Amino acid sequence: MKKKTAATPARDSQQETSWLARLGPGVVTGAADDDPSGIATYSQAGARFGLNMLWTVLLTYPLMAAIQIISARIGRVSGRGLASNMRRHYPRWILHVTVLMLVVANTINIAADLAAMGDAVRLLVGGPARWYAVGFGLLSLGLQIFIPYHRYVRVLKWLTLALLAYVAVIFTIHIDWAQVGRAVVWPRASLTPDYITTVVAVLGTTISPYLFFWQASEEVEQIKSQPGGKSIRKEPRNARAELGRIQIDTYVGMGFSNLVAFFIMLTSALTLHAHGITSIDTSAQAAQALRPIAGDFAFMLFAAGIVGTGLLAVPVLAGSAAYAMAGSFKWASSLEYRPALAKEFYGVIALATLGGMAIDFLPLDPVRGLYWSAVVNGVISAPIMVVMMLMATNRQVMGRFVIRGGLKVFGWLATVLMAGTVLAMAVTALSPG
């Protein structure tokens with residue numbers, strides 16, 4: 001049973017300075033980015049456009065890292081999550097519209113991820129995919145409710161290893177690296193609506209709103225999980241160490257995330273696209289399509305990875321929705337608290353997870369919405385990123401720790417790129433012919 005107190009066993013100096021101890025919210029956030037919906041989007045991009053979409057993964061790395069560092073710094077410096085800061089410093093309508101869109105998008109994403117996990121197990125061992133999905137949903141919900149954050153985060157860290165399955169897949173097929181290099185440096189891009197929409201989908205699944213809210217909130221959780229923990233504004237002597245940790249953690253996490261995304265897209269391009277398979281609607285379908293082309297081993301790795309990444313992503317999706325709602329309405333919010341002490345917070349986690357499970361039983365195919373879910377994430381990311389950048393340069397929020405220099409430049413570049421791509425998608429979609 002959870003306790004309200006945030007006190008945890010004091011960490012010794014060796015644990016504090018170890019390389020692994022520096023990895024936490026950034027690594028978990030980056031790995032959660034490669035959830036089954038992300039896998040489906042990257043697979044679809046590779047299948048549809050071959051090697052000509054790989055450049056997007058390399059382009060997004062520094063931009064994704066910058067925007068996630070900014071979200072983490074907002075949480076660590078202010079001691080509050082994004083929604084709480086938005087409530088305190090910006091018009092309420094911006095907050096409520098943003099949080100509503102986030103909760104709806106996350107619930108649909110949970111449904112798609114659970115369905116993909118169920119399909120993956122069915123492909124591996126047979127049986128009822130929907131009931132596997134229910135089992136995974138209940139497992140995820142139970143872990144969040146009954147295991148305190150400081151223990152649960154260790155489970156999430158180990159689940160990130162599931163992503164290595166997608167690195168391993170690449171060694172089962174032949175690769176002409178010279179051809180790959182040429183495609184990355186000089187892709188055959190186009191201005192067709194399909195191509196631009198796919199770029200938005202890739203950006204939307206790579207730079208996603210739920211990741212912003214989750215990483216900022218997890219920094220706040222880390223403060224709460226430390227005896228006498230305080231925000232950087234309240235205890236500035238820790239600023240150098242904590243901000244340095246955030247950078248290392250986030251660069252490693254986002255690098256791992258983008259490396260896996262690159263390999264998923266590359267695998268799909270060299271197998272599915274090369275064999276004329278240009279339409280992939282689900283991550284499980286991508287795994288199944290690999291089987292006759294790359295063999296049983298590649299198929300099993302790909303399918304098993306879907307389950308592992310889903311177990312990692314579902315709590316992040318549900319948790320980020322709960323943090324956003326709690327911050328909006330000043331509810332108690334912490335994965336360290338007992339459910340009785342944070343009823344509304346855990347209620348949102350339960351509703352988002354159970355809602356996702358229920359969607360899987362409707363006469364709809366939620367997994368077909370994965371691609372468009374990524375597009376929606378891209379669309380709503382732009383205004384959220386604008387607010388985040390204003391927040392990170394606001395002394396009322398950040399004190400003397402407002403962002404500067406390269407971090408500020410790359411944060412605005414990421415924001416402008418996202419907004420510009422969404423605008424280009426809208427223009428091409430509305431253009432005649």
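On one side of helix α10, Arg-182 and Val-185 are exposed. This helix, which runs over residues 177–185, is a good place to start reading the structure, a predicted model. The buried residues of α10 are Val-180, Ala-183 and Val-184. Because these three cover an arc of only 100 degrees around the axis, they sit on the same side of α10, while Arg-182 and Val-185 lie on the other side. A general rule helps in picturing this: an α-helix has 3.6 residues a turn, so residues three or four places apart point the same way. The cover over the buried residues of α10 includes α4 (55–78) and α13 (239–271).

Helix α11 follows, at residues 193–206. With 14 residues at 1.5 Å a residue, α11 should span 20 Å, and its end C-alpha atoms are indeed 20 Å apart, so the two values agree. How many of the residues of α11 are buried? The count is 12 of 14, so that α11 is mostly covered. The buried set runs from Tyr-195 to Thr-206, and includes Ile-196, Val-200, Leu-203 and Gly-204.

Thr-198 offers a closer look at this helix. Residues count as buried when their relative accessible area is under 20%; because Thr-198 has 1% relative accessibility, it counts as buried. Thr-198 also has a partner from elsewhere in the sequence: Ala-45 is 153 residues away along the chain, yet the C-alpha atoms of the two are 6.5 Å apart in space.

The chain as a whole can now be described. The protein chain has 19 helices and 0 strands. Of its 433 residues, 59% count as buried. Among contacts with a separation of 6 or more, 84% are accounted for by residues 24 or more positions apart. About 17400 Å² of the protein chain is exposed, and carbon and sulfur atoms supply 64% of that area.

Empty space is the last topic. Rolling a probe the size of a water molecule over the atoms shows where such space is left. The second largest pocket holds about 630 Å³ of space. It is lined by 33 residues, and those closest to its centre are Gly-79, Arg-80, Gly-81, Val-220 and Lys-224. Which elements give two or more residues to this lining? They are α5 (82–89), α12 (209–225), α15 (296–329) and α18 (395–398). The largest share of the lining, 7 residues, comes from α5.

Definitions and conventions:
Residues numbered from 1 in each chain as written. Predicted model: local features only at pLDDT ≥ 70, side-chain atom pairs only at ≥ 80, totals over all residues. Heavy atoms only, no water. Buried < 20%, exposed > 50% of the residue type's maximum accessible area, 1.4 Å probe, protein only. Helix = DSSP H or I, 4+ residues; strand = E, 2+ residues; numbered from the N terminus. Arc of directions from axis to C-beta. Contact = heavy atoms within 4.5 Å. Expected span 1.5 Å × (residues − 1). Areas by Shrake-Rupley, 256 points an atom, 1.4 Å probe, with all protein chains shown as cover. 1 Å grid on protein atoms, 1.4 Å probe; cavity = no way out; pocket = protein on both sides within 12 Å on 5 of 7 lines; lining within 4 Å. Points joined across faces, edges and corners; volume = space filled by probe spheres on them.
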